[in-house]
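Ready for a few exercises? Have a look at the model below, then try each task before you read its solution.

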Amino acid sequence: MKTNKFKIIALSFLGIAMFTSCNNDDDSAPVEPATDFSGTYVQKDQMARPAINTVFIASGSPKDAFNTTTPSSMGATYQSVFQSRLLALNSGYTTNALGQDAATFTGLLATDVLGVKKTGTTTFFDGTNVLTGRALADDVIDTELLLIFGGPAGTSNAGLTSDNVGANDKTFSASFPYLASAW
């Protein structure tokens, strides 16, 4: 008896599914909802150079203000804030491996724009080329730590110049979009 009830229930569901999936409007195109782009949009973050605003801007509204500042105004507005923070992090800072003093370096950092070199090497830093773009495999955090703590030769404060993450945990793809597959 239980088997017959199950068959009747299953056939009933099958009949309902077949009935509800049938229609007679095969000639009409599906109607896509219109995308609404009206309203006010707010930029939430600028990340040309990862971790820079995380390290050099205090959390809360100053960080929000930085994230929405026009790049052409960033240097003038935030360079002194960045310099104070740099000297608090590394009181012995004189120049970095690029030969930049604190004011020059923090002026560069405070303008959170990633330059892109259209010809030649595209890299965050490869020992020769600096901030000519960014490749997926570039160790951005190590570069930033080296420039903040490494001193003029890049060899000072060895324990602070690397996050000790040598590479991505998965190999990047050879074709667009080049990102590694998900875990």
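Helices here are DSSP runs of H or I with at least four residues, and strands are runs of E with at least two. Keep in mind that this is a predicted model.

**Exercise 1. Get the overall picture.**

Task: Find out how many helices and strands the protein chain has, and what share of its residues is buried.

Solution:
- Start with the count: the protein chain has 6 helices and 0 strands.
- Now walk along the sequence, and the pattern you read off is α-α-α-α-α-α.
- Next comes burial, which means a relative accessible area under 20%. Of the 183 residues in the protein chain, 25% are buried.
- Then look at the surface: about 12500 Å² is exposed, and carbon and sulfur atoms supply 60% of it.
- Finish with the contacts. Take those in the protein chain with a separation of 6 or more: residues 24 or more positions apart account for 45% of them.

**Exercise 2. Place a threonine in a helix.**

Task: Decide whether Thr106 is buried or exposed, and list what it touches.

Solution:
- Locate it: Thr106 sits in helix α5, which covers residues 102-110.
- Check the accessibility: Thr106 is at 0%, so it counts as buried.
- Follow the side chain of Thr106, and you arrive at the backbone oxygen of Ala103, 3.4 Å away.
- Now set aside residues up to four places away in sequence. What's left touching Thr106 is Gln79, Phe82, Gln83 and Leu86.

**Exercise 3. Look for enclosed space.**

Task: Work out how many cavities of 30 Å³ or more the structure holds, and which residues line the largest cavity.

Solution:
- Here's the idea behind the search: rolling a probe the size of a water molecule over the atoms shows where empty space is left.
- The search turns up 1 cavity of 30 Å³ or more.
- The largest cavity holds about 50 Å³ of space.
- Its lining is made of Arg49, Phe105, Leu109, Phe124, Leu131, Glu144 and Leu147. The elements giving two or more residues to that lining are α5 and α6 (140-149).
- Sort the lining of the largest cavity by class and you get 5 nonpolar, no polar and 2 charged residues.

**Exercise 4. Zoom in on one lining residue.**

Task: Phe124 is one of the residues lining the largest cavity. Describe where Phe124 lies and what surrounds it.

Solution:
- Phe124 belongs to the loop between α5 and α6.
- Its relative accessible area is 2%, so Phe124 is buried.
- Compare sequence with space: Phe124 and Val140 are 16 residues apart in sequence, and their C-alpha atoms are 6.5 Å apart.
- Leave out residues up to four places away in sequence, and Phe124 still touches a list of residues including Arg49, Leu114, Leu131, Val140 and Glu144.

**Exercise 5. Try another loop residue.**

Task: Say where Thr132 lies and which backbone oxygen its side chain reaches.

Solution:
- Thr132 is also in the loop between α5 and α6.
- With 11% relative accessibility, Thr132 falls under the 20% cut-off and therefore counts as buried.
- Its side chain reaches the backbone oxygen of Thr121 at 2.9 Å.
- Beyond neighbours within four places in sequence, Thr132 is in contact with Gly115, Val116, Lys117, Thr121, Thr122 and Thr123.

**Exercise 6. Explore the open space.**

Task: Give the volume of the largest pocket and name the residues nearest its centre.

Solution:
- The largest pocket has a volume of about 300 Å³.
- Its lining has 15 residues, and those nearest the centre are Leu136, Ala137, Asp138, Asp139 and Val140.
- By class, the lining of the largest pocket divides into 9 nonpolar, 2 polar and 4 charged residues.

**Exercise 7. Hunt for backbone oddities.**

Task: Find which residues a cis peptide bond joins, then look up phi for Leu131 and Asn164.

Solution:
- A reminder before you start: most residues other than glycine have a negative phi, and most peptide bonds are trans.
- The cis peptide bond joins Phe176 and Pro177, with omega about 10°. Pro177 is in the segment after α6.
- Leu131, in the loop between α5 and α6, has a positive phi, near 50°.
- Asn164, in the segment after α6, has a positive phi too, near 60°.
- For Asn164, add the accessibility: at 69%, it counts as exposed.

Conventions
Residues are numbered from 1 along each chain as its sequence is written. This is a predicted model: local features need pLDDT of at least 70, side-chain atom pairs count only at pLDDT 80 or more; totals for chains, interfaces and linings use all residues. Side-chain values use heavy atoms; hydrogens and water are left out. Buried means under 20% relative accessible area, exposed over 50%, partly exposed in between (1.4 Å probe, protein chains only). A polar contact is a pair of N or O atoms within 3.5 Å; within protein, one must be able to donate a hydrogen and the other to accept it, and residues adjacent in sequence count only if both atoms are side-chain atoms. Contact means heavy atoms within 4.5 Å. Accessible areas come from the Shrake-Rupley method with a 1.4 Å probe; for residues, only the protein chains shown count as cover. On a 1 Å grid over the protein atoms alone, a cavity is a set of points where a 1.4 Å probe fits but cannot get out, and a pocket is an open set with protein on both sides within 12 Å along at least five of seven lines; lining residues have an atom within 4 Å of a point. Grid points are joined across faces, edges and corners, and a volume is the space filled by probe spheres set on the points. Ala, Val, Leu, Ile, Met, Phe, Trp, Tyr, Cys and Pro count as nonpolar, Asp, Glu, Lys and Arg as charged, and the others, Gly among them, as polar.
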